[in-house]
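Me: I should like to work through the structure below by question and answer. Please justify each reply before giving the final value or name.

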Amino acid sequence: MLARMASNFYWLGRYVERTENTARLLEHQLERLVDTAADELAVGWRVLYRALSQPPPEAPADIDEAEAFLIADAYTLAGGLVEDSTHPASLISCWRMARENAREIRPRLPLRVWVCLNQGFLWLEDTEFHEVWAQGPVALVNQAIDRLRLLAGVVDASMARDDAWRFLELGRHVERLQQQIVLLDVGDRIGRRGNDGGSMSWADLLRVCGAFEPYRRDRSLALRRGAVLGFLIRWPARSRSEPGFTSRSTTSPGRPPSILRSSRFSRPAKGSARTTRT
């Protein structure tokens with residue numbers, strides 16, 4: 001496989017995973033708008049933007065007014081992560097970059113994969129955020145997650161387990177591992193703060209990682225820092241734990257793990273590959 005094509009498959013996987021990561025973080029935050037205390041919502045927005053390595057939208061200079069902005073203006077905060085094409089971590093930006101990488105390799109992509117990815121992007125591009133927000137803050141994010149999971153199912157059912165699929169899967173799991181490490185770091189830092197700076201509960205960190213119920217079932221009803229972080233890092237049964245990432249990204253059917261050490265992964269691709277890295 002040409003290095004350029006391998007790079008496109010790799011970055012396609014990364015941007016699809018990045019889109020889902022943003023959607024999952026938004027889903028967790030928006031589902032809490034109705035019955036969560038205002039100070040906890042403010043902490044949640046800080047965690048969300050820091051987990052995406054992005055500063056929040058411009059807030060008033062006054063500390064009290066800035067706090068009120070983080071608490072109350074959920075529409076602006078969520079909108080920046082959904083429809084702002086200038087925001088590198090927004091749903092529309094990540095989906096567009098995934099589509100651009102897929103467009104470069106259309107001859108190697110199954111038609112159903114391209115159609116599913118392209119239809120998802122066009123749906124999001126044509127969606128009026130303010131209209132969907134009126135139906136419910138989390139409605140659009142839930143639809144985006146459903147479309148991304150449909151895409152994952154089409155990829156799994158349609159693609160042969162060849163080099164193209166391996167590079168695509170590698171990109172997905174590398175992105176997932178990176179995002180998970182950042183989220184755990186941010187959650188740990190904010191989770192250890194005192195009352196003056198606000199704190200993120202360990203239950204919220206488990207929920208946003210999709211591990212709250214398994215933790216309570218397999219470990220303990222008590223939520224302690226060491227136990228929670230250890231569970232999120234080492235639990236091999238969960239796809240978003242560190243062993244889950246590394247085991248999937250270092251082995252694949254019919255191919256030795258040495259493919260992952262190939263220099264082809266670090267080669268910059270021509271054309272779109274240079275513009276897709278952020």
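Reply: Before the questions begin, one cut-off is needed: a residue is buried under 20% relative accessible area, exposed over 50%, and partly exposed in between. The model discussed here is predicted.

Me: Is Arg96 buried, partly exposed or exposed?
Reply: The relative accessibility of Arg96 is 26%. Buried requires under 20% and exposed requires over 50%, so Arg96, at 26%, is partly exposed.

Me: Which residue forms a salt bridge with Arg96, and which helix holds that residue?
Reply: The side chain of Arg96 meets that of Glu125 in a salt bridge, at 3.8 Å from N to O. This pair links distant parts of the chain, 29 residues apart, with Arg96 in helix 5 (residues 91–104). Glu125 has a relative accessible area of 40% and is therefore partly exposed. The partner is Glu125, in helix 6 (residues 111–126).

Me: How many salt bridges does the count give?
Reply: The criterion is a side-chain nitrogen of Lys or Arg within 4 Å of a carboxyl oxygen of Asp or Glu. By this rule, the number of salt bridges is 16.

Me: How many residues apart are Glu20 and Arg149?
Reply: Glu20 and Arg149 form a salt bridge, with 3.8 Å between the closest N and O atoms. Glu20 belongs to helix 1 (residues 3–30) and Arg149 to helix 8 (residues 139–158), so that the pair links distant parts of the chain. Their separation along the chain is 129 residues.

Me: Which partner in the salt bridge of Glu20 and Arg149 is buried?
Reply: Arg149 has a relative accessible area of 49% and is therefore partly exposed. The relative accessibility of the other partner is 11%, so the buried residue is Glu20.

Me: What separates Asp204 and Arg207 in helix 10?
Reply: The two residues form a salt bridge, the closest N and O atoms being 3.7 Å apart. An α-helix has 3.6 residues a turn, so residues three or four places apart point the same way. Asp204, at 12% relative accessibility, is buried, whereas Arg207, at 42%, is partly exposed. Within helix 10 (residues 202–208), Asp204 and Arg207 are 3 residues apart, about one turn of the helix.

Me: Which ring does the charged end of Arg207 sit over?
Reply: The charged end of Arg207 lies 4.1 Å from the centre of the ring in question. That ring belongs to Phe212.

Me: What distance separates the end C-alpha atoms of helix 2, and what span is expected?
Reply: Helix 2 (residues 38–51) has 14 residues, and the expected span is 1.5 Å times one less than that number. The expected span is therefore 20 Å, in agreement with the distance between the end C-alpha atoms, 20 Å.

Me: Which residue follows helix 2 with a positive phi?
Reply: Among the buried residues of helix 2 are Leu41, Trp45 and Leu48. After the helix, phi is positive, near 55 degrees, at Ser53.

Me: How many disulfides does the search of the whole structure find?
Reply: Cys94 is buried, with a relative accessible area of 0%, and Cys116 is also buried, at 14%. A disulfide requires two cysteine sulfur atoms within 2.5 Å. The number of disulfides found in the whole structure is 0.

Me: How many aromatic pairs are found, and what is the geometry of Tyr10 and Trp11?
Reply: The search of the whole structure gives 7 aromatic pairs. In one of them, Tyr10 and Trp11 have ring centres 5.5 Å apart and planes at 85 degrees. Tyr10 is buried at 12% relative accessibility, and Trp11 is buried at 6%. Planes over 60 degrees apart count as edge-to-face, so the pair of Tyr10 and Trp11 is edge-to-face.

Me: How are the planes of Phe129 and Trp133 arranged?
Reply: Phe129 and Trp133 are 4 residues apart in helix 7 (residues 129–135), about one helical turn. Their ring centres are 5.6 Å apart and their planes lie at 50 degrees. The pair is therefore tilted.

Me: Which helix gives the largest share of the largest nonpolar core?
Reply: The largest nonpolar core has 76 residues, of which Phe9, Leu12, Leu26, Trp45 and Leu205 touch the most other members. The largest share of this core is 12 residues, and it comes from helix 1.

Notes. Residues are numbered from 1 along each chain as its sequence is written. This is a predicted model: local features need pLDDT of at least 70, side-chain atom pairs count only at pLDDT 80 or more; totals for chains, interfaces and linings use all residues. Side-chain values use heavy atoms; hydrogens and water are left out. Helices (H or I, at least four residues) and strands (E, at least two) are DSSP runs, numbered from the N terminus. Buried means under 20% relative accessible area, exposed over 50%, partly exposed in between (1.4 Å probe, protein chains only). Rings of Phe, Tyr and Trp (its six-membered ring) pair if their centres lie within 6.5 Å; planes under 30 degrees apart count as stacked, over 60 as edge-to-face and the rest as tilted. A charge sits over a ring if NZ of Lys or CZ of Arg is within 6 Å of the ring centre and within 35 degrees of the ring normal. A nonpolar core is a set of buried Ala, Val, Leu, Ile, Met, Phe, Trp, Tyr and Cys residues joined through side-chain atoms within 4.5 Å.
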